[in-house]
Amino acid sequence: MKIIAQLSRLLVGVLFIISGLVKLNDPVGFSFKLEEYFSESVLNLPFFEPHALALAVVLVIAEVLLGVALLIGFKKKITLALLFLMILFFTFLTFYSAYFNKVTDCGCFGDAIPLTPWSSFTKDVVLLILIGIIILNQKYIQPLFNCRISGIILAVTLFLCSFMGYWVLNHLPLKDFRVYKVGTNIMQGMEIPEGAPKSVYEMSFLYRINGEEKRFTDKELGNLPADAEFISREDKMISQGFQPPIHDFTMDKDGESYLEAMMSEPKLVMLVTYNLSRADEAGLAMLRDFAQTATAKGYKVIGMTASSTDETEAVVKKYQLPFDYYTCDGTTLKTIERANPSIVVLENGTIVEKKHWKDAAKVNLK
């Protein structure tokens with residue numbers, strides 16, 4: 001049992017550290033997932049939504065610290081109790097996601113390893129079992145160092161994690177795992193290969209017959225009585241077909257799509273602000289000068305947002321922005337870039353550079 005306990009300790013500690021560091025690479029992305037959980041349609045805890053980013057940072061740093069503490073055997077009773085409570089919390093979230101199909105990706109490993117809800121739940125159940133094994137056999141868990149050295153290791157870990165969190169929040173993730181990373185050609189990412197499998201749907205039709213509602217499949221429609229009254233149709237997906245990596249990117253203005261025209265621009269700058277009401281005011285203020293500089297160097301400069309027309313016009317007027325805004329789904333824009341606003345440079349539809357608004361001076365405008 002001693003060997004099993006030590007192997008469980010090693011596996012849990014390493015997984016917690018990896019999971020924490022991957023999310024710490026992109027805490028904003030993890031905060032988006034927490035906001036989904038807190039929303040009225042999921043857990044109905046909207047008062048937590050404004051604090052999602054702070055909670056995300058605290059949780060991911062705690063994950064790393066607890067993983068390190070377990071590996072070095074520091075304060076094993078407190079460490080194991082906190083590990084158990086944390087994995088219990090995550091197990092509840094992933095079960096809720098899987099059972100009610102509310103949040104389709106828990107964000108356990110950020111964008112590096114996307115997991116389905118049931119996969120996430122299974123992972124957490126395994127971790128819960130392993131932590132249970134460690135708790136029942138904690139007599140075999142001995143500290144590797146004395147209290148002073150262990151304290152120094154944890155203090156250094158806390159400092160490095162805090163610095164990493166500060167850096168990525170004020171710049172960009174150290175490693176971009178998203179489909180819109182530098183080097184991606186957006187139009188190619190939207191292509192569907194010839195012969196790719198298509199989604200299969202089952203259609204059912206609801207009719208009222210003699211005052212009673214009855215459902216029929218498409219194959220049974222030929223047997224409908226003449227006086228049947230159609231009510232509704234429902235399409236149920238049986239199997240998911242091929243879905244291209246980029247499938248929800250749009251560039252609309254005044255009811256028209258400008259996607260192909262913009263993606264053929266040899267030099268394009270997209271100033272992405274997924275939510276203008278939540279955008280950093282200092283970031284919005286610098287957009288004017290940056291846009292003018294980019295335009296002078298031959299770039300087509302546009303804004304991208306999911307905000308309403310009235311809100312967009314108000315921001316353009318307030319900050320005297322010399323470019324037009326195009327609309328796209330907010331989730332898509334959050335996937336493109338985390339900073340609000342942020343800068344994305346493209347050449348013929350290929351992303352060549354991405355920067356946080358605080359790094360506008362470092363953008364390489366050729």
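This text walks through a predicted model, from its overall build to its local details.

Start with the whole. The protein has 11 helices and 10 strands. Its C-alpha atoms fill a box of roughly 75 × 70 × 40 Å, taken along the principal axes. The chain counts 366 residues, and buried residues make up 45% of them. One pair of residues gives a feel for distances within that box. Lys267 and Met203 are 64 residues apart in sequence. In space, their C-alpha atoms are 46 Å apart. Lys267 sits in the loop between helix H8 (259–263) and strand E6 (268–272). Its relative accessible area is 24%, so Lys267 is partly exposed.

Now look at the helix packing. Helix H4 covers residues 76–100, and helix H5 covers residues 117–136. Their axes are 8 Å apart and meet at an angle of about 155°. An angle over 145 degrees counts as roughly antiparallel, so that is how H4 and H5 are described. The crossing of these two helices, H4 and H5, is left-handed.

A second pair is arranged otherwise. Helix H9 spans residues 281–296, and helix H10 spans residues 309–319. These two pack with axes 9 Å apart, at an angle of about 65°. H9 and H10 are therefore roughly perpendicular to each other. Here H9 passes H10 in a right-handed crossing.

Turn next to helix H6, residues 147–170, which holds Trp167. Trp167 contributes to a nonpolar surface patch of about 860 Å². The other residues of the patch are Ile152, Val156, Phe159, Leu160, Phe163, Tyr166 and Leu174. How exposed is Trp167? Its relative accessible area is 34%, so Trp167 counts as partly exposed. Patch residues need over 30% relative accessible area, and the 34% of Trp167 is therefore enough.

The charged side chains come next. Side chains of opposite charge can pair when their charged atoms come close. The structure holds 17 salt bridges. One of them joins Glu229 and Arg208, with N and O 3.6 Å apart. This bridge links distant parts of the chain, its two residues being 21 apart in sequence. Glu229 belongs to strand E3 (residues 229–239), while Arg208 belongs to strand E1 (residues 200–209). Both ends of the bridge are partly exposed: Glu229 has a relative accessible area of 43%, and Arg208 has 29%.

Another bridge joins the side chains of Glu347 and Lys366, at 3.5 Å from N to O. Glu347 lies in strand E9 (residues 342–347), and Lys366 lies in the segment after strand E10 (350–356), so the pair ties together parts that are 19 residues apart in sequence. The two ends differ in accessibility. Glu347 is partly exposed at 25%, whereas Lys366 is exposed at 60%.

A further bridge forms between Lys355 and Glu353, with the closest N and O atoms 3.1 Å apart. Is Glu353 buried or exposed? Glu353 has 12% relative accessibility, so it counts as buried. Salt bridges also form a network, which links Asp176, Arg178, Glu337 and Lys354.

Last comes the backbone. Most residues other than glycine have a negative phi, and most peptide bonds are trans. Which peptide bond is cis? The bond from Asn340 to Pro341 is cis, with omega near 15°. Pro341 lies in the loop between helix H11 (330–336) and E9.

Positive phi values appear at Gln320 and Asn348. Gln320 is not a glycine, yet its phi is near 50°. Gln320 sits in the loop between H10 and strand E8 (325–327). Asn348 is likewise not a glycine, and has a positive phi of about 55°. Asn348 is placed in the loop between E9 and E10. At 47% relative accessibility, Asn348 counts as partly exposed.

Strand E9 is a useful place to look again. Glu347, in E9, makes the bridge to Lys366. The loop between H11 and E9 holds Pro341, and the loop between E9 and E10 holds Asn348.

Terms used. Residues are numbered from 1 along each chain as its sequence is written. This is a predicted model: local features need pLDDT of at least 70, side-chain atom pairs count only at pLDDT 80 or more; totals for chains, interfaces and linings use all residues. Side-chain values use heavy atoms; hydrogens and water are left out. Patches are made of residues with over 30% relative accessible area and no salt bridge: like charges are joined within 9 Å, nonpolar side chains (Val, Leu, Ile, Met, Phe, Trp, Tyr) within 5 Å. Accessible areas come from the Shrake-Rupley method with a 1.4 Å probe; for residues, only the protein chains shown count as cover. A salt bridge is a side-chain nitrogen of Lys or Arg within 4 Å of a carboxyl oxygen of Asp or Glu. Helices (H or I, at least four residues) and strands (E, at least two) are DSSP runs, numbered from the N terminus. Buried means under 20% relative accessible area, exposed over 50%, partly exposed in between (1.4 Å probe, protein chains only). Axes are lines fitted to C-alpha atoms, for helices over the stretch in contact, and angles run from 0 to 180 degrees between N-to-C directions. Angles under 35 degrees count as roughly parallel, over 145 as roughly antiparallel, 65 to 115 as roughly perpendicular and the rest as oblique. A crossing is left-handed if the near helix is turned anticlockwise from the far one by less than a right angle, and right-handed if clockwise.
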